[in-house]
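Let's take a walk through this protein, one part after another. Keep the 3D view open and turn it as you read.

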Amino acid sequence: MTANFPVLPGVDHQARNVPLDAHLHTDQSPDSTVHIDVYAAQAVERGIPEIAITDHVDFDPRDPAFEYTRYEDRERTVRDAAERWAGKGVVIRFGAELTYNRRWEADVRAHVARYRYDYVIGSVHDWPESPYWPSRVRSFVQGRSLEEILEPYYAEIIAAARSGLFDTIGHLDVVKRYLHPMITAEQLAERPDLQEPALQAIIESGVVLEVNSSGLRYPGAETYPSAAVVARYRQLGGERVVVGSDAHSRASFAARLEESYRHLTAAGFEALTFRRGAERVLIDVPRGTPDSTVDALHT
Ligand SMILES: [Zn+2]
Ligand SMILES: [Zn+2]
């Protein structure tokens, strides 16, 4: 705690024992308006000692974060903030969330080779030709088996894991959100076999699985991936996990991140796997993460 920064209204003081939020979007993402200092102040207030700023980078010119910012500007903004906040209770890492698809894998590879981040998330988002696009998902789902419906998403996840380009696979199973309400989280939970090739690819490649709490703010109200999938990943031999709130707003900073931590504890994980530039680290998962007192949060 420090007296140097204003106490933010609405910030809860219960969220101790959250050592890291590794997925945050600032006003350098097209879908966020949050200044980096807002998250830093919240982290200090809530006793979260380390955060990673992971603004979007897209590679298809039709996607919103295509050339939205320059790398140099993002790096300077985050590094300057890290200096401003050094010694004040929060360490700020410079990361990115790169949108992966096989169609532009060569561009992602060139980006990762050229630029230096502390930490890189690879995420599969809805892509312009995808069958999950809002205008076509309903007709795509009609008359298809669950296996056929999920195949395009998991094919990209498997390729992302095998690409070797990323520290972490972001928000696995976000496809639930694209399929809602035609396909429910319950229906997907009944077919864990359909996810296993993706979990196996993640395990075999050594990439880290993120447990992203943003799904708790959407219909289905589950983390991405769900607690059951986290447990299955562990059973299959998965060892590397990390957590992130994927906040795009002040209200969703570290929101319900304790639930992600609890899923890890329940599955038997004792440490997060994270990268701080050249340094790969394990961070202890705290025992007895308290219940979240924050509810009704929206991005
Ligand atoms: Zn994402
Ligand atoms: Zn994100």
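## A hairpin to start with

Find arginine 276, which sits opposite glutamate 279 in β9. The two strands here, β8 (residues 271-276) and β9 (residues 279-284), run antiparallel and are joined by six bridges. Bear in mind that you're looking at a predicted model.

How many residues lie between the strands of this hairpin? There are two, and glycine 277 takes a positive phi near 65 degrees. Strand β8 is mostly covered, with five of its six residues buried.

## The main sheet

Now look for the open sheet of seven strands. Its order is easy to remember, β1-β2-β3-β4-β5-β6-β7, and the pairing is parallel. At the edges you'll find β1 (21-24) and β7 (241-244); each has a single partner strand, so one side of each has no neighbour in the sheet.

Zoom in on one pair: β2 (residues 50-57) and β3 run parallel, joined by eight bridges. Isoleucine 53 stands opposite phenylalanine 94 in β3. What holds such strands together in general? Strands of a sheet pair through backbone hydrogen bonds.

## Helices around the sheet

Helix α10 (residues 257-267) lies across β1, β6 (208-212) and β7, and runs at about 165 degrees to β7.

Is helix α1 (residues 36-46) enclosed or open? Nine of its eleven residues are buried, so α1 is largely enclosed by the rest of the structure. Among the buried ones are Ile36, Tyr39 and Val44, but also Gln42, Glu45 and Arg46. The buried residues of α1 pack against β1, β2, α2 (71-85), β3 and α10. Right after α1 comes glycine 47, with a positive phi near 70 degrees.

## The zinc site

Which residues coordinate the zinc ion called ligand 1? They are Glu97 (through OE), His125 (NE2) and His171 (NE2), at 2.1 Å. Along the sequence, these donors follow the spacing E-x27-H-x45-H. Glutamate 97 and histidine 125 come from distant parts of the chain, 28 residues apart: glutamate 97 is in strand β3 (residues 91-99), while histidine 125 is in the loop between β4 (119-123) and α4 (137-141). Both of these residues are buried.

Glutamate 97 has a second job, too: it bridges the zinc ion (ligand 1) and the zinc ion (ligand 2), which lie 3.4 Å apart.

## The largest pocket

The largest pocket has a volume of about 540 Å³. It's lined by 25 residues, and the closest to its centre are Asp31, His56, His125, Arg177 and Tyr178. You've met His125 already, as a donor to the zinc ion (ligand 1). Both β3 and α6 (175-179) supply at least two residues each to the lining.

## Odd spots in the backbone

Two peptide bonds to look up are cis. One runs from histidine 180 to proline 181, with omega near 0 degrees, and proline 181 is in the loop between α6 and α7 (185-189). The other runs from tyrosine 224 to proline 225, with omega near -5 degrees; proline 225 is in the loop between β6 and α9 (227-235).

Next, check the loop between β7 and α10, where aspartate 246 is found. Aspartate 246 isn't a glycine, yet its phi is positive, about 55 degrees. Arginine 256 lies in the loop between β7 and α10 as well, and its phi is also positive at about 55 degrees, although it is not a glycine. Buried or partly exposed? Aspartate 246 is buried, with a relative accessible area of 7%, whereas arginine 256 counts as partly exposed at 25%.

Key
Residues are numbered from 1 along each chain as its sequence is written. Chains are lettered from A and ligands numbered from 1 in the order in which they are written. This is a predicted model: local features need pLDDT of at least 70, side-chain atom pairs count only at pLDDT 80 or more; totals for chains, interfaces and linings use all residues. Side-chain values use heavy atoms; hydrogens and water are left out. Donors are N, O and S atoms within 2.8 Å of the metal (3.2 Å for Na, K and Ca); water is not among the atoms, so sites may look incomplete. Helices (H or I, at least four residues) and strands (E, at least two) are DSSP runs, numbered from the N terminus. Buried means under 20% relative accessible area, exposed over 50%, partly exposed in between (1.4 Å probe, protein chains only). Two strands pair if DSSP finds at least two bridges between them. Contact means heavy atoms within 4.5 Å. Axes are lines fitted to C-alpha atoms, for helices over the stretch in contact, and angles run from 0 to 180 degrees between N-to-C directions. On a 1 Å grid over the protein atoms alone, a cavity is a set of points where a 1.4 Å probe fits but cannot get out, and a pocket is an open set with protein on both sides within 12 Å along at least five of seven lines; lining residues have an atom within 4 Å of a point. Grid points are joined across faces, edges and corners, and a volume is the space filled by probe spheres set on the points.
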